[in-house]
Amino acid sequence: MLTLQFVAYDEIAELSSKRRINKLLTIVKKNSVVLLQGQLKPTEETALIQKTMEDISRTFKGIELCTVLPESKNKQNWVENAKTMLVRKLIGNRDGFTIIGPATVVKEIKKNPQKVELLIKKARGRK
Amino acid sequence: MIDKLKIFFNKFFAKVFRKKKHVKIGLYGPPNAGKTSLANRICQDWLGEEINMGTVSEIPHETREIQVKEKINIKKKGKEISFNLIDTPGIATKIDYEEFTAFKMNKKKAKERAKEATKGVIEAIKWLDNMDTVVVVLDSTKNPYSQVNITIIGNLAARDIPVLIVANKVDLKKSNMKKIEAAFPQYPIVGVSALKGNNVDEFYEELIKTV
(Lines give C-alpha, C1' and ligand atoms only; values in the text may rest on other atoms or scores of the structure.)
Protein backbone atom coordinates (compact mmCIF):
# COMPACT_ATOMS: atom_id res chain seq x y z
CA MET A 1 0.00 0.00 0.00
CA LEU A 2 1.29 3.44 -0.92
CA THR A 3 0.85 6.17 1.69
CA LEU A 4 0.90 9.81 0.63
CA GLN A 5 1.41 12.37 3.38
CA PHE A 6 0.56 15.97 2.61
CA VAL A 7 2.74 18.54 4.37
CA ALA A 8 1.42 22.11 4.26
CA TYR A 9 4.10 24.79 3.91
CA ASP A 10 2.91 26.30 7.22
CA GLU A 11 4.15 23.15 8.96
CA ILE A 12 7.75 23.86 7.94
CA ALA A 13 7.68 27.64 7.52
CA GLU A 14 9.00 28.41 10.98
CA LEU A 15 11.57 25.59 11.10
CA SER A 16 15.30 25.94 10.46
CA SER A 17 16.65 24.26 7.32
CA LYS A 18 18.06 21.39 9.38
CA ARG A 19 14.76 20.74 11.15
CA ARG A 20 12.80 20.97 7.89
CA ILE A 21 15.00 18.30 6.35
CA ASN A 22 14.80 16.09 9.41
CA LYS A 23 11.00 16.40 9.51
CA LEU A 24 10.63 15.44 5.85
CA LEU A 25 13.13 12.58 6.05
CA THR A 26 11.45 11.19 9.16
CA ILE A 27 8.20 10.84 7.19
CA VAL A 28 9.98 9.32 4.18
CA LYS A 29 11.76 6.78 6.37
CA LYS A 30 8.34 5.54 7.47
CA ASN A 31 7.86 4.55 3.82
CA SER A 32 5.43 7.37 3.09
CA VAL A 33 5.60 9.65 0.08
CA VAL A 34 5.70 13.30 1.10
CA LEU A 35 3.66 15.76 -0.90
CA LEU A 36 5.00 19.11 0.24
CA GLN A 37 3.23 22.34 -0.59
CA GLY A 38 5.80 24.67 -2.20
CA GLN A 39 9.52 24.09 -2.46
CA LEU A 40 12.65 23.87 -0.40
CA LYS A 41 15.42 26.38 -1.07
CA PRO A 42 18.08 25.11 -3.54
CA THR A 43 20.62 24.90 -0.70
CA GLU A 44 18.08 22.90 1.35
CA GLU A 45 17.62 20.48 -1.52
CA THR A 46 21.36 19.71 -1.59
CA ALA A 47 21.37 19.48 2.19
CA LEU A 48 18.50 17.00 1.88
CA ILE A 49 20.53 14.90 -0.57
CA GLN A 50 23.57 15.12 1.72
CA LYS A 51 21.57 14.04 4.78
CA THR A 52 20.00 11.24 2.75
CA MET A 53 23.44 9.92 1.83
CA GLU A 54 24.55 10.11 5.46
CA ASP A 55 21.50 8.11 6.56
CA ILE A 56 21.62 5.35 3.94
CA SER A 57 21.37 1.97 5.61
CA ARG A 58 20.21 -1.58 5.01
CA THR A 59 16.58 -0.46 5.10
CA PHE A 60 16.84 3.11 3.80
CA LYS A 61 18.19 3.26 0.25
CA GLY A 62 17.65 6.93 -0.45
CA ILE A 63 14.93 9.10 -1.92
CA GLU A 64 13.27 10.06 -5.15
CA LEU A 65 12.73 13.79 -5.37
CA CYS A 66 10.76 16.00 -7.72
CA THR A 67 9.67 19.63 -7.69
CA VAL A 68 6.71 20.65 -9.79
CA LEU A 69 6.23 24.32 -10.60
CA PRO A 70 3.25 26.14 -12.07
CA GLU A 71 3.73 26.51 -15.82
CA SER A 72 3.12 30.27 -15.87
CA LYS A 73 6.18 30.93 -13.69
CA ASN A 74 8.59 31.71 -16.50
CA LYS A 75 6.12 33.75 -18.51
CA GLN A 76 5.81 36.61 -16.02
CA ASN A 77 7.23 40.05 -16.77
CA TRP A 78 9.94 41.57 -14.56
CA VAL A 79 7.50 43.49 -12.35
CA GLU A 80 5.58 40.30 -11.58
CA ASN A 81 8.86 38.43 -11.05
CA ALA A 82 10.03 41.08 -8.57
CA LYS A 83 6.70 40.84 -6.73
CA THR A 84 6.94 37.06 -6.63
CA MET A 85 10.50 37.22 -5.26
CA LEU A 86 9.47 39.67 -2.55
CA VAL A 87 6.53 37.50 -1.51
CA ARG A 88 8.82 34.44 -1.39
CA LYS A 89 11.26 36.32 0.84
CA LEU A 90 8.44 37.19 3.20
CA ILE A 91 6.40 34.01 3.37
CA GLY A 92 8.57 31.35 1.70
CA ASN A 93 8.27 29.65 -1.66
CA ARG A 94 4.79 28.15 -1.72
CA ASP A 95 4.57 27.79 -5.51
CA GLY A 96 4.02 24.32 -6.88
CA PHE A 97 4.73 21.23 -4.83
CA THR A 98 7.55 18.84 -4.01
CA ILE A 99 7.36 15.07 -3.99
CA ILE A 100 9.81 13.13 -1.83
CA GLY A 101 9.47 9.37 -1.80
CA PRO A 102 11.55 6.56 -0.31
CA ALA A 103 13.62 4.76 -2.97
CA THR A 104 12.46 1.42 -1.56
CA VAL A 105 8.88 2.31 -2.57
CA VAL A 106 9.23 4.78 -5.44
CA LYS A 107 11.20 3.40 -8.37
CA GLU A 108 11.34 6.62 -10.32
CA ILE A 109 9.65 9.99 -10.67
CA LYS A 110 9.54 10.85 -14.35
CA LYS A 111 9.10 14.52 -14.95
CA ASN A 112 8.34 16.25 -18.19
CA PRO A 113 7.17 19.83 -18.44
CA GLN A 114 3.53 18.75 -18.73
CA LYS A 115 3.29 15.73 -16.45
CA VAL A 116 4.78 13.84 -13.54
CA GLU A 117 4.74 10.04 -13.34
CA LEU A 118 5.34 8.24 -10.10
CA LEU A 119 6.58 4.72 -10.78
CA ILE A 120 6.13 2.45 -7.78
CA LYS A 121 8.17 -0.65 -7.02
CA LYS A 122 6.39 -3.98 -6.79
CA ALA A 123 6.12 -5.17 -3.21
CA ARG A 124 8.33 -8.21 -2.61
CA GLY A 125 6.49 -11.48 -2.71
CA ARG A 126 3.53 -9.97 -4.56
CA LYS A 127 2.80 -11.43 -7.98
CA MET B 1 21.84 33.15 8.16
CA ILE B 2 25.16 31.24 8.09
CA ASP B 3 24.24 29.91 4.63
CA LYS B 4 23.61 33.46 3.41
CA LEU B 5 26.95 34.67 4.76
CA LYS B 6 28.72 31.70 3.14
CA ILE B 7 27.11 32.49 -0.20
CA PHE B 8 28.02 36.18 0.14
CA PHE B 9 31.69 35.41 0.80
CA ASN B 10 31.75 32.79 -1.95
CA LYS B 11 30.40 35.34 -4.43
CA PHE B 12 32.94 37.92 -3.27
CA PHE B 13 35.92 35.59 -3.50
CA ALA B 14 34.66 34.06 -6.73
CA LYS B 15 34.75 37.51 -8.33
CA VAL B 16 38.24 38.23 -7.00
CA PHE B 17 39.63 34.90 -8.23
CA ARG B 18 37.87 35.11 -11.57
CA LYS B 19 39.86 38.25 -12.29
CA LYS B 20 43.11 36.35 -11.64
CA LYS B 21 42.22 33.89 -14.43
CA HIS B 22 43.37 30.95 -12.31
CA VAL B 23 40.23 29.31 -11.10
CA LYS B 24 38.78 26.09 -9.81
CA ILE B 25 36.52 24.46 -12.36
CA GLY B 26 34.33 21.63 -11.14
CA LEU B 27 32.72 18.91 -13.20
CA TYR B 28 29.32 18.05 -11.73
CA GLY B 29 26.42 15.95 -12.84
CA PRO B 30 24.55 12.71 -12.30
CA PRO B 31 26.40 9.35 -12.36
CA ASN B 32 27.41 8.00 -15.77
CA ALA B 33 27.00 11.32 -17.57
CA GLY B 34 30.64 11.30 -18.66
CA LYS B 35 32.35 13.69 -16.22
CA THR B 36 35.52 11.61 -16.01
CA SER B 37 35.54 11.06 -19.78
CA LEU B 38 35.42 14.85 -20.22
CA ALA B 39 38.12 15.33 -17.56
CA ASN B 40 40.32 12.80 -19.35
CA ARG B 41 39.66 14.52 -22.67
CA ILE B 42 40.70 17.91 -21.22
CA CYS B 43 43.87 16.41 -19.71
CA GLN B 44 44.78 14.60 -22.90
CA ASP B 45 44.20 17.71 -25.03
CA TRP B 46 46.11 20.13 -22.80
CA LEU B 47 48.53 18.10 -20.67
CA GLY B 48 49.51 15.28 -23.01
CA GLU B 49 48.13 12.07 -24.43
CA GLU B 50 49.02 9.80 -21.53
CA ILE B 51 47.49 11.79 -18.71
CA ASN B 52 44.13 10.62 -17.37
CA MET B 53 42.19 11.83 -14.35
CA GLY B 54 40.35 8.63 -13.63
CA THR B 55 38.98 5.37 -14.94
CA VAL B 56 35.77 5.26 -16.91
CA SER B 57 33.21 2.49 -16.55
CA GLU B 58 29.63 1.67 -17.43
CA ILE B 59 29.04 0.81 -13.77
CA PRO B 60 27.56 3.83 -11.94
CA HIS B 61 29.67 5.60 -9.31
CA GLU B 62 33.04 4.65 -10.80
CA THR B 63 34.38 7.97 -9.51
CA ARG B 64 33.89 7.90 -5.75
CA GLU B 65 36.50 10.41 -4.68
CA ILE B 66 37.24 13.99 -5.70
CA GLN B 67 40.05 14.10 -8.27
CA VAL B 68 42.05 17.29 -8.79
CA LYS B 69 44.37 18.12 -11.66
CA GLU B 70 46.24 21.37 -11.15
CA LYS B 71 47.44 24.07 -13.52
CA ILE B 72 45.73 23.28 -16.80
CA ASN B 73 46.14 26.01 -19.42
CA ILE B 74 43.71 26.37 -22.28
CA LYS B 75 44.37 28.73 -25.18
CA LYS B 76 41.77 29.42 -27.83
CA LYS B 77 41.50 32.31 -30.28
CA GLY B 78 44.01 34.46 -28.40
CA LYS B 79 42.36 33.94 -25.03
CA GLU B 80 43.83 31.89 -22.24
CA ILE B 81 42.71 30.50 -18.91
CA SER B 82 44.60 28.62 -16.25
CA PHE B 83 42.66 26.47 -13.84
CA ASN B 84 42.54 23.53 -11.48
CA LEU B 85 40.14 20.88 -12.74
CA ILE B 86 38.06 19.05 -10.16
CA ASP B 87 36.29 15.86 -11.19
CA THR B 88 33.55 14.98 -8.72
CA PRO B 89 31.56 11.81 -8.01
CA GLY B 90 28.13 11.73 -9.61
CA ILE B 91 25.37 13.19 -7.48
CA ALA B 92 22.49 10.83 -6.77
CA THR B 93 19.56 10.78 -4.37
CA LYS B 94 19.62 7.02 -3.87
CA ILE B 95 22.25 4.31 -3.74
CA ASP B 96 21.40 0.65 -3.50
CA TYR B 97 24.18 -1.95 -3.50
CA GLU B 98 21.88 -4.33 -5.40
CA GLU B 99 22.20 -2.01 -8.38
CA PHE B 100 25.89 -2.96 -8.59
CA THR B 101 25.29 -6.70 -8.32
CA ALA B 102 23.57 -6.44 -11.71
CA PHE B 103 27.07 -5.75 -13.09
CA LYS B 104 28.34 -9.15 -11.88
CA MET B 105 29.83 -7.67 -8.72
CA ASN B 106 29.76 -9.84 -5.62
CA LYS B 107 27.65 -8.74 -2.65
CA LYS B 108 30.62 -7.69 -0.49
CA LYS B 109 32.19 -5.56 -3.21
CA ALA B 110 28.82 -4.07 -4.13
CA LYS B 111 28.17 -3.04 -0.52
CA GLU B 112 31.65 -1.54 -0.29
CA ARG B 113 31.10 0.40 -3.51
CA ALA B 114 27.71 1.66 -2.29
CA LYS B 115 29.27 2.89 0.94
CA GLU B 116 32.05 4.68 -0.91
CA ALA B 117 29.54 6.12 -3.36
CA THR B 118 27.47 7.71 -0.56
CA LYS B 119 30.64 9.33 0.82
CA GLY B 120 31.49 10.51 -2.69
CA VAL B 121 28.14 12.27 -3.09
CA ILE B 122 28.59 14.01 0.27
CA GLU B 123 32.10 15.14 -0.72
CA ALA B 124 30.90 16.42 -4.08
CA ILE B 125 28.21 18.52 -2.39
CA LYS B 126 30.69 19.90 0.15
CA TRP B 127 33.05 20.92 -2.64
CA LEU B 128 30.34 23.02 -4.33
CA ASP B 129 31.31 25.92 -2.07
CA ASN B 130 34.90 25.86 -3.38
CA MET B 131 34.12 26.17 -7.08
CA ASP B 132 34.59 29.29 -9.17
CA THR B 133 32.95 27.86 -12.29
CA VAL B 134 31.05 24.63 -12.78
CA VAL B 135 30.63 22.53 -15.88
CA VAL B 136 27.46 20.50 -15.46
CA VAL B 137 27.80 17.35 -17.53
CA LEU B 138 24.53 15.77 -18.63
CA ASP B 139 23.88 12.65 -20.64
CA SER B 140 22.09 13.97 -23.73
CA THR B 141 20.36 10.61 -24.26
CA LYS B 142 18.55 10.91 -20.92
CA ASN B 143 15.66 13.03 -19.65
CA PRO B 144 17.18 16.36 -18.55
CA TYR B 145 14.29 17.14 -16.18
CA SER B 146 15.70 14.89 -13.46
CA GLN B 147 15.64 16.59 -10.08
CA VAL B 148 19.37 16.03 -9.53
CA ASN B 149 20.14 18.22 -12.56
CA ILE B 150 17.68 20.87 -11.43
CA THR B 151 19.02 20.80 -7.86
CA ILE B 152 22.68 21.14 -8.94
CA ILE B 153 21.94 23.99 -11.33
CA GLY B 154 19.60 25.72 -8.84
CA ASN B 155 22.33 25.58 -6.20
CA LEU B 156 24.91 27.06 -8.49
CA ALA B 157 22.52 29.87 -9.40
CA ALA B 158 21.87 30.54 -5.69
CA ARG B 159 25.64 30.71 -5.11
CA ASP B 160 26.14 32.92 -8.19
CA ILE B 161 28.65 30.44 -9.65
CA PRO B 162 28.93 30.58 -13.47
CA VAL B 163 27.59 27.47 -15.17
CA LEU B 164 28.31 25.84 -18.50
CA ILE B 165 26.14 22.87 -19.41
CA VAL B 166 27.75 20.13 -21.45
CA ALA B 167 25.37 17.75 -23.19
CA ASN B 168 27.56 14.71 -23.54
CA LYS B 169 27.21 11.64 -25.77
CA VAL B 170 25.93 13.57 -28.81
CA ASP B 171 27.41 10.84 -30.99
CA LEU B 172 24.67 8.46 -29.84
CA LYS B 173 21.42 8.08 -31.78
CA LYS B 174 19.21 8.74 -28.76
CA SER B 175 20.93 12.07 -28.04
CA ASN B 176 18.45 14.96 -27.84
CA MET B 177 20.10 18.38 -27.59
CA LYS B 178 16.83 20.23 -28.14
CA LYS B 179 15.33 18.71 -25.02
CA ILE B 180 18.30 19.90 -22.93
CA GLU B 181 18.13 23.37 -24.46
CA ALA B 182 14.40 23.50 -23.68
CA ALA B 183 15.01 22.42 -20.07
CA PHE B 184 17.73 24.99 -19.35
CA PRO B 185 17.16 27.91 -21.74
CA GLN B 186 18.99 30.45 -19.56
CA TYR B 187 22.38 28.67 -19.66
CA PRO B 188 25.05 28.19 -22.35
CA ILE B 189 24.94 24.60 -23.60
CA VAL B 190 27.50 22.76 -25.71
CA GLY B 191 26.93 19.31 -27.16
CA VAL B 192 30.02 17.09 -27.18
CA SER B 193 31.18 13.53 -27.25
CA ALA B 194 33.88 13.44 -24.59
CA LEU B 195 34.78 9.91 -25.59
CA LYS B 196 35.18 10.56 -29.32
CA GLY B 197 36.22 14.20 -29.08
CA ASN B 198 33.32 15.59 -31.15
CA ASN B 199 32.87 19.35 -30.83
CA VAL B 200 35.38 19.78 -27.99
CA ASP B 201 36.87 22.92 -29.58
CA GLU B 202 33.51 24.67 -29.20
CA PHE B 203 33.43 23.44 -25.60
CA TYR B 204 36.85 25.01 -24.86
CA GLU B 205 35.79 28.32 -26.42
CA GLU B 206 32.59 28.36 -24.39
CA LEU B 207 34.49 27.43 -21.23
CA ILE B 208 36.85 30.41 -21.65
CA LYS B 209 33.81 32.68 -22.14
CA THR B 210 32.07 31.29 -19.04
CA VAL B 211 35.12 31.61 -16.78
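Which residue just after H2(B) takes a positive phi? In this predicted model, the residue in that position is Gly48(B), whose phi is about 130°. The helix that precedes Gly48(B), H2 of chain B, covers residues 35–47, and its length was compared with the span expected for a helix of its residue count. At 1.5 Å a residue, the 13 residues of H2(B) should span 18 Å, and the end C-alpha atoms lie 17 Å apart, which agrees with that expectation. Much of the burial in H2(B) falls on a run of residues comprising Lys35(B), Thr36(B), Ser37(B), Leu38(B), Ala39(B), Asn40(B), Arg41(B), Ile42(B) and Cys43(B), each of which is buried.

Aromatic contacts were examined next. A pair of aromatic rings is described by the distance of the centres and the angle of the planes. Over all chains, the count comes to 2 aromatic pairs. In one of them, the rings of Trp46(B) and Tyr204(B) have centres 5.3 Å apart and planes at 85°, and because an angle over 60 degrees counts as edge-to-face, the pair is assigned to that class. Trp46(B) belongs to helix H2 of chain B, whereas Tyr204(B) belongs to helix H7 (residues 200–210) of chain B, so that this pair ties together parts that are 158 residues apart in sequence. The two partners differ in their accessibility class: Trp46(B) is partly exposed, with a relative accessible area of 25%, while Tyr204(B), with a relative accessible area of 1%, is buried. Tyr204(B) also forms an aromatic pair with Phe203(B), which is tilted, with 5.3 Å from centre to centre and 50° between the planes. Here both Phe203(B) and Tyr204(B) are buried, and Trp46(B), Phe203(B) and Tyr204(B) together form one aromatic cluster.

Charged side chains also lie over aromatic rings, in chain A as well as in chain B. In chain A, Lys29(A) is placed over the face of Phe60(A), at 5.4 Å from the ring centre. In chain B, the charged end of Arg113(B) sits over the ring of Phe100(B), at 5.5 Å from the centre of that ring.

Cysteines were considered last. A disulfide is a covalent bond between the sulfur atoms of two cysteines. The count comes to 0 disulfides over all chains. Cys66(A) has a relative accessible area of 2% and is therefore buried, and Cys43(B), one of the buried residues of H2(B), likewise counts as buried, at 0% relative accessibility.

Notes. Residues are numbered from 1 along each chain as its sequence is written. Chains are lettered from A and ligands numbered from 1 in the order in which they are written. This is a predicted model: local features need pLDDT of at least 70, side-chain atom pairs count only at pLDDT 80 or more; totals for chains, interfaces and linings use all residues. Side-chain values use heavy atoms; hydrogens and water are left out. Rings of Phe, Tyr and Trp (its six-membered ring) pair if their centres lie within 6.5 Å; planes under 30 degrees apart count as stacked, over 60 as edge-to-face and the rest as tilted. Helices (H or I, at least four residues) and strands (E, at least two) are DSSP runs, numbered from the N terminus. Buried means under 20% relative accessible area, exposed over 50%, partly exposed in between (1.4 Å probe, protein chains only). A charge sits over a ring if NZ of Lys or CZ of Arg is within 6 Å of the ring centre and within 35 degrees of the ring normal. The expected span of a helix is 1.5 Å times one less than its number of residues. A disulfide is a pair of cysteine sulfur atoms within 2.5 Å.
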